[in-house]
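Biologist: Mind walking me through this one? Let's start with the backbone and then go to the cores.

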Amino acid sequence: MKKLVYLISPNKIYKNFYNDLEKVLAVKNVKFFQLRLKKVKKVKILKIAREIKKITKKYKVKFIINDDPYISKIANADGCHLGQGDGSIINSKKYLNKRIIGVTCHNSKKLAKIAIKNKADYLAFGSFNRSKLKPNAKKANINILKWAKKNIKKPI
């Protein structure tokens, strides 16, 4: 299976962020960029998303919005990444038509099987290391990736 780089935004958009994003995407190995802002108002996320969409489109990078199918649709993002508390995959797929839906499965085969049954486009596992982005995340075991690679025919 082809390996792709899936880049996730910092939790704050800093002064030179857009320039830095362009430099990173120009390298051409990033295929997905997720805007993940947890403590920012939706109006501001939408404004940021519209700027990022211009950049990701220029570099042919798929643009994914975290947590919110509504903002994904309004910002014309390529898809949405859903955590376990972000709503139904099925409803999000209906709302977003043919856009990408990714799902967090933590360290769970059960959640992965549910995501596959509900036709998620890709599955995310983790966290495998400590992260400032997700300081309270439960640690996943690398064996979940070995299992997923063997049993899942979707991008992970």
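Biologist: Where is the place of asparagine 97?

Modeller: This is a predicted model, where local features need pLDDT of at least 70, side-chain atom pairs count only at pLDDT 80 or more, and totals for chains, interfaces and linings use all residues. Residues are numbered from 1 along each chain as its sequence is written, and side-chain values use heavy atoms, with hydrogens and water left out. Helices (H or I, at least four residues) and strands (E, at least two) are DSSP runs, numbered from the N terminus. On that basis, asparagine 97 sits in the loop between α4 (89–96) and β5 (100–104).

Biologist: Is asparagine 97 buried or exposed?

Modeller: Buried means under 20% relative accessible area, exposed over 50%, and partly exposed in between (1.4 Å probe, protein chains only). Asparagine 97 has 55% relative accessibility, so it counts as exposed.

Biologist: What is phi of aspartate 67?

Modeller: Most residues other than glycine have a negative phi. Aspartate 67, in the loop between β3 (62–66) and α3 (69–74), has a positive value although it isn't glycine: near 75 degrees.

Biologist: Which peptide bond is cis?

Modeller: Look at the loop between β6 (122–124) and α6 (143–151), where serine 127 lies. With omega near 20 degrees, the cis bond runs from glycine 126 to serine 127.

Biologist: Which element gives the most to the largest nonpolar core?

Modeller: A nonpolar core is a set of buried Ala, Val, Leu, Ile, Met, Phe, Trp, Tyr and Cys residues joined through side-chain atoms within 4.5 Å. The largest has 19 residues, with Leu21 and Phe33 among those touching the most other members. α1 (17–25), β2 (30–35), α2 (42–58) and β3 each supply at least two residues. With six residues, the top contributor is α2.
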